[in-house]
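Biologist: I would like to learn how to read strand pairing and core packing from a model, taking one feature at a time. Where shall we begin?

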Amino acid sequence: MTILQTRRRFLASAASAAALGGLSTLLPAAVRPAWAAAPLRLAVERRVLEVMGKPASVFGIRQPDGTSGLFLDPGQRFLVDLANRAGEDAVIHWHGMTPPYAQDGVADANRPLIRDGASQGYDFEPRPGTHWMHSHHGLQEQRLMAAPLIVRTVEDRREDAQEVTVLLHDFTFKDPAEVLAGLTGGTMNHGGMDHGGGHGSGHGGHGSGHGGAMPMMDHSNMKGMGGMTMAAMDLNDVEYDAYLANDRTLDDPEVVRVERGGRVRLRLINGATSTAFHIDLGALDGTVVAADGNPVQPVSGRRFGMVMGQRLDILLQLPAGGGAFPILAQREGERQRTGIILATPGATVGKTAGLADGAAGPVDLSLERRLTALAPLAPRPTDAAFTIRLTGGMAPYVWTIDDRAFGEHRPLTVRKGQRVTVTMVNESPMAHPMHLHGQHFQVTALDGTALAGAVRDTVLVPMNGSATIAFDADNPGRWPLHCHNLLHMATGMMTELVCEQTI
C-alpha cells in the first residue's frame, strides 16, 4: 500500500511540476527500472546520542555502514535511494544542490513527504563543493536530522590535502516544539508549504536539560560586542544546552590525526538551527578557498564568521614540528564554543575549555566584503529586479517578509533565462541568514556598496543592513527564499521565487 500511495502522489506531483518546466527522475525506490545503475543508499533513522553524559533521542542520516551523509567522488552522479525509518514522515533537502524542482527535498502541494517506512529515489547531476542535507519538515532539523554532503572535484584530489569535515549544531534536550512555543506563547501562523513550521512532529530527547526559550532581556544599558551599544539588538533567540562539532562537545571532542607539516582542507558546515559562530583557528593560519561550495579568491586569517546554512572551505598548513591544534567555533555574542582537535602523531592533547575567556561579537559582513568569486556571473543587463524587506520581531515572536508571513506571501515571479537581482533590506531587530533554493547567486552589493562578491546560496543580512544578490534564473520551479534560522522560518520569514519555463 505504501508504494502505491507514494506512486499516486508522485504522478499527481508530476502533472503540477510539468507546468514549471518539466520533471526529472524522481521515483519511489521500489519502482526504479531493473536496468538502472545501483544507487547509493541512505536512511533517516533514530539514534541515541550522549551529550554531557546524558542520552538524547535524535535523528541521523546514514549510509548502511554508519557513515553520516554522502561523500561523492569527481564525476559521480547523485543517484540515491533514501529510506525513511524515522518513525514519522520526513523530507530531506539537499542544501547547496540545484536539482530539478521535484527533487529539491521540500514538501508542498506538488512534492509529497516521504511517509514513514517508504523510500524515495533521486537522480541528478550534483553540484561540486561542501554542502549538507537536512530535514525541511517541521522542527526535525533541530533534532539533528542533518548530515554532510560533499562532492569532490578533480582539483580537490590534486591539492594533496587531508579532508576534515566538521558539522556544527546547537542542541537542546527539550522538545523543539516546546522551545518554539516558549518564544511564541503557543501561537503559530502556518502557511501552506511545509518548510518549517511548528506543525511537524517534534519529539524531544530524554533527559532533564534546561535548554529552552531565552528570557527577554533589557539590553538598553548593555555594552559589548566590540563596544557596540546593544539597545534594541538581539543576537540569539534560544539558550541551548550544548554546541556540537560532529556530535561532540569540547568535554569529549573529536581528535583527528594529521601529519606533521601536512596540509588540511577543513570543510566547515554551520548546521545549527539558530546559532551563528566565529571560527577560531587558534595558532594556525588559514586560507578560505570556497564559500558555500563555490571557489573564491584566497582570503587569509585565523578567525572567520559563519552563519546558519553557510559553509567554508579553509586550507591549513600544519607546522613541521607538529602538535595539537584546536579548531573552535564560538557562539556569537557569548562565550560558549565547540570544536575539534587536529593532532599530529605523539602530540599531547590537552583540555580545551567549553567557554572562551570573553564573549564574541556579532558575526558581521567583514569576511563577506573580502570574498571574490573565482567564477563570477557574466556581465549582462538585469531583466527582473526585486526589493524585499525583512520584517517582524521578538514580541510578538513573528518574523516576516514585507510584513507578510509565509502563506500570505507575494512570490517573486521570473522567467527562465532572465538575469534577476534581489535586494534584501533588514528592518527587523535581528540578523538573518537568507537562503535561496534552486539557484546559486553572486553577492553584488552589501549595504548599498557594489562588489563582485562570492557565489553562494546563503548570505547574511545584518540588522539595519542590506544585501543584493544576482543570478541567472536557469532552474524552473517554485523555490523557497527564507531565513535559515529555523525558528524565524517557522514563524513566517519565507517567500518563493517562482521561475516559470519560457514558452
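Modeller: Let us begin with a single pair of residues, bearing in mind that this is a predicted model: Arg46 has Phe59 as its bridge partner in S2. That pair belongs to a longer ladder, since strand S1 (residues 40–51) and strand S2 (residues 54–62) run antiparallel and are joined by nine bridges.

Biologist: How many residues lie between S1 and S2 in the hairpin?

Modeller: Two residues separate S1 from S2, and Met52 in the turn has a positive phi of about 55 degrees.

Biologist: What is the strand order in the open sheet of five strands?

Modeller: The order is S26-S35-S34-S28-S32, and the pairing is mixed. Strand S26 (412–415) and strand S32 (458–461) are the edges, each pairing on one side only, while neighbouring strands of this sheet are turned against each other by 20 degrees on average, direction ignored. At one edge, S26 pairs with strand S35 (residues 494–500) in the parallel sense over four bridges, and Leu412 stands opposite Leu497 in S35.

Biologist: And how should I read the core?

Modeller: In soluble globular proteins, nonpolar side chains tend to be buried together. Here the largest nonpolar core has 83 residues, and Leu266, Leu281 and Ile314 are among those with the most contacts inside it. Beyond its neighbours within four places in sequence, Leu266 is in contact with residues including Val164, Leu312 and Ile327. A second, separate core has 23 residues, among them Ala90 and Leu149.

Biologist: Is Thr172 buried or exposed?

Modeller: Thr172 counts as buried because its relative accessible area is 6%, under the 20% cut-off. Thr172 sits in the loop between strand S9 (162–171) and helix H3 (176–184), and a polar atom of its side chain lies 3.0 Å from the backbone nitrogen of Lys174.

Methods
Residues numbered from 1 in each chain as written. Predicted model: local features only at pLDDT ≥ 70, side-chain atom pairs only at ≥ 80, totals over all residues. Heavy atoms only, no water. Core = buried A, V, L, I, M, F, W, Y, C linked by side-chain atoms within 4.5 Å. Buried < 20%, exposed > 50% of the residue type's maximum accessible area, 1.4 Å probe, protein only. Contact = heavy atoms within 4.5 Å. Polar contact = N/O pair within 3.5 Å; in protein donor to acceptor, adjacent residues only side chain to side chain. Pairing = 2+ DSSP bridges. Axes fitted to C-alpha atoms, helices over the stretch in contact; angles between N-to-C directions.
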